[in-house]
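Trainee: Please take a close look at one part of this model for me. I would like the loop residues with unusual backbone angles, and then whatever packing detail helps to place them.

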Amino acid sequence: MTPDASIQTANDNAPRDTRPEGDSTGFRAMLRDQELERRLHHLELNKLQQSNSDMQVQTVSSNPANLSTKFGVGLPLLCTLIATLTSAYCFYSAQGLYMCIAALSAMVWTALWTSFQSAKSENIGSNQGRRDSFISEICVVAATLAGLGIWGLVSREWGLPLSLADGIVGFAGLTALISALLGSRFTLVMSACAGVVWLAYFTLVPSVSLVSIWTYPLVALVQLFIAGQNDGKFAATLTLIGAHGWLFWILSDRLMAGDISMLHVAAFSMMIGMAHYRLGKAAGDVFWETSTLHVFFGWSLAMVGAVAIQHYWLGTNANLWGDVSAHPLSQLSWQVTGAACIALIGIAGLIRMAHNQMTTMAVLFTLGAAVIAAAVFDQRALIESYVQAELNMPARPLIGLTIGAAISASAIAMCVNGARRKSLMMMFAGLAVIAAELALMLNPNIWSVETGLAFGMCLVISLCFAALFAAEPANSYA
């Protein structure tokens with residue numbers, strides 16, 4: 001071998017700077033080629049899908065059957081406006097029966113068409129979607145009004161005894177049904193307004209038959225249930241105002257007729273309010289957003305009745321409560337109503353127990369309080385004789401002060417609960433009841449050492465029970 005011949009050495013003994021780097025050869029180079037090929041394939045797929053989507057859009061746009069989808073709600077809304085103006089012109093110019101019915105029928109179908117096209121809007125979360133939803137609800141109300149107009153014209157032609165009040169009832173019922181089917185808050189508000197108008201029409205117009213007004217609580221119950229499911233606070237407020245107005249009208253009507261006394265009115269209000277209050281608490285456990293309204297209205301009604309009964313037992317104005325007699329049928333109505341309210345309070349307690357919000361002891365306590373509240377009205381003679389015989393004290397004002405202690409504790413608890421929930425409505429209600437209690441018990445004639453001790457003990461015991469049941473852990477249920 002010549003001296004200048006190249007000497008070959010093993011690869012693993014070659015210097016590092018003479019070896020090729022790993023990025024350009026071997027396994028890593030193969031992975032890089034595969035990644036590049038995958039990206040090119042992905043780009044080709046994207047281009048193919050985009051071209052197919054463009055072809056589909058062109059096909060849909062060129063299809064005459066999708067003309068209304070292309071133009072949105074513009075075409076059906078225009079037809080609805082034309083049909084509405086035509087119906088208004090027919091009634092204004094006193095056209096014939098068939099002409100008016102034809103115009104109203106066109107209004108019904110075009111409004112339903114518009115509502116259907118609006119409901120198909122894809123951008124529900126955008127401003128366009130909210131506008132289409134509002135248009136859909138307006139058109140449903142317009143179709144309902146047109147349908148009631150057809151009903152009124154046909155009934156007049158056939159000589160059926162249907163009045164304006166019947167039309168209002170039909171509108172309230174139909175809009176409530178539509179709200180239940182579509183989940184529309186707007187139609188629920190329209191139903192609640194129609195219910196209040198229906199109630200006002202019946203109570204203010206003496207010539208109208210008052211038989212069907214007894215069905216108003218059923219309509220109000222349906223409206224309140226729908227409002228609880230759909231978070232319709234405004235509709236629930238209107239309905240609750242109407243329901244309490246109906247109750248006030250019924251009780252005042254029976255009072256003026258001499259069937260019941262003022263004390264019976266107070267007792268009815270107290271028991272119905274207690275049941276409503278407890279059911280409102282249970283509604284909050286099943287996540288009704290309107291439960292605070294039920295708690296407020298029910299508790300306020302219960303406190304109005306309880307304060308009136310307290311005033312009777314204080315004995316400061318005996319002339320106001322002189323006649324406490326009632327018609328036998330009204331007395332039976334009180335017994336049925338009182339038993340039903342106690343049963344509803346028990347059902348509300350069971351619902352709260354099922355959701356781990358009350359213990360068995362708390363449910364029994366609320367039932368006992370409801371029974372005692374009913375007995376304070378219903379067993380007046382027995383209570384007076386027992387207090388006089390056992391305590392050697394007059395039942396008036398002793399029972400009135402103990403009732404006032406319970407009411408004050410409940411008002412304080414309502415204020416605390418309102419502060420915890422950041423509800424000014426509940427706080428103001430509690431403060432108003434405390435102010436009413438202070439005004440009632442500022443009379444020095446009802447106070448003595450014995451009555452003061454009784455009031456203080458009842459107040460402390462009531463507050464302790466309220467704090468105990470409010471602070472009880474949710475997992476310590478019997």
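Mentor: Start with K422. K422 is exposed, at 77% relative accessible area. The cut-off for exposed is over 50%, so K422 qualifies. Its place is the loop between α15 and α16, the latter spanning 424-440. The backbone is the point to check here: K422 has a positive phi, near 60°, and is a residue other than glycine. Keep in mind that this is a predicted model.

Now N356. N356 also has a positive phi, about 60°, and is not a glycine. N356 sits in the loop between α12 (328-354) and α13 (360-378). Its relative accessible area is 41%, which makes N356 partly exposed. Partly exposed covers the range between 20% and 50%, so 41% falls inside it.

Go back to α15, the helix before the K422 loop. Helix α15 covers residues 395-421, and P397 lies in it. The peptide bond joining R396 and P397 is cis. Its omega is about 20°.

Next, α13, the helix after the N356 loop. A375 belongs to α13. A375 is partly exposed, with 25% relative accessibility. Neighbours within four places in sequence aside, A375 is in contact with R380 and I383. G338 is 37 residues from A375 in sequence. In space, the C-alpha to C-alpha distance between A375 and G338 is 10.0 Å.

Then the packing. The largest nonpolar core holds 71 residues. I213, M271, M274, W299, I309 and W313 touch the most other members. Helix α11, residues 291-314, gives the most to this core: 11 residues. Apart from that core lies another, of 13 residues. A176, A192, L238 and F297 are among its members. As a general point, nonpolar side chains in soluble globular proteins tend to be buried together.

Look at I309 in detail. Set aside neighbours within four places in sequence. I309 is then in contact with L263, A266, A267 and M270, and also with V376, F377 and I403. Check those numbers against the helix ranges. V376 and F377 are contacts of I309, and α13 runs over 360-378. I403 is a contact of I309 too, and α15 runs over 395-421. That brings us back to the two helices beside the loops: α13 follows the loop of N356, and α15 precedes the loop of K422.

Key:
Residues are numbered from 1 along each chain as its sequence is written. This is a predicted model: local features need pLDDT of at least 70, side-chain atom pairs count only at pLDDT 80 or more; totals for chains, interfaces and linings use all residues. Side-chain values use heavy atoms; hydrogens and water are left out. A nonpolar core is a set of buried Ala, Val, Leu, Ile, Met, Phe, Trp, Tyr and Cys residues joined through side-chain atoms within 4.5 Å. Buried means under 20% relative accessible area, exposed over 50%, partly exposed in between (1.4 Å probe, protein chains only). Helices (H or I, at least four residues) and strands (E, at least two) are DSSP runs, numbered from the N terminus. Contact means heavy atoms within 4.5 Å.
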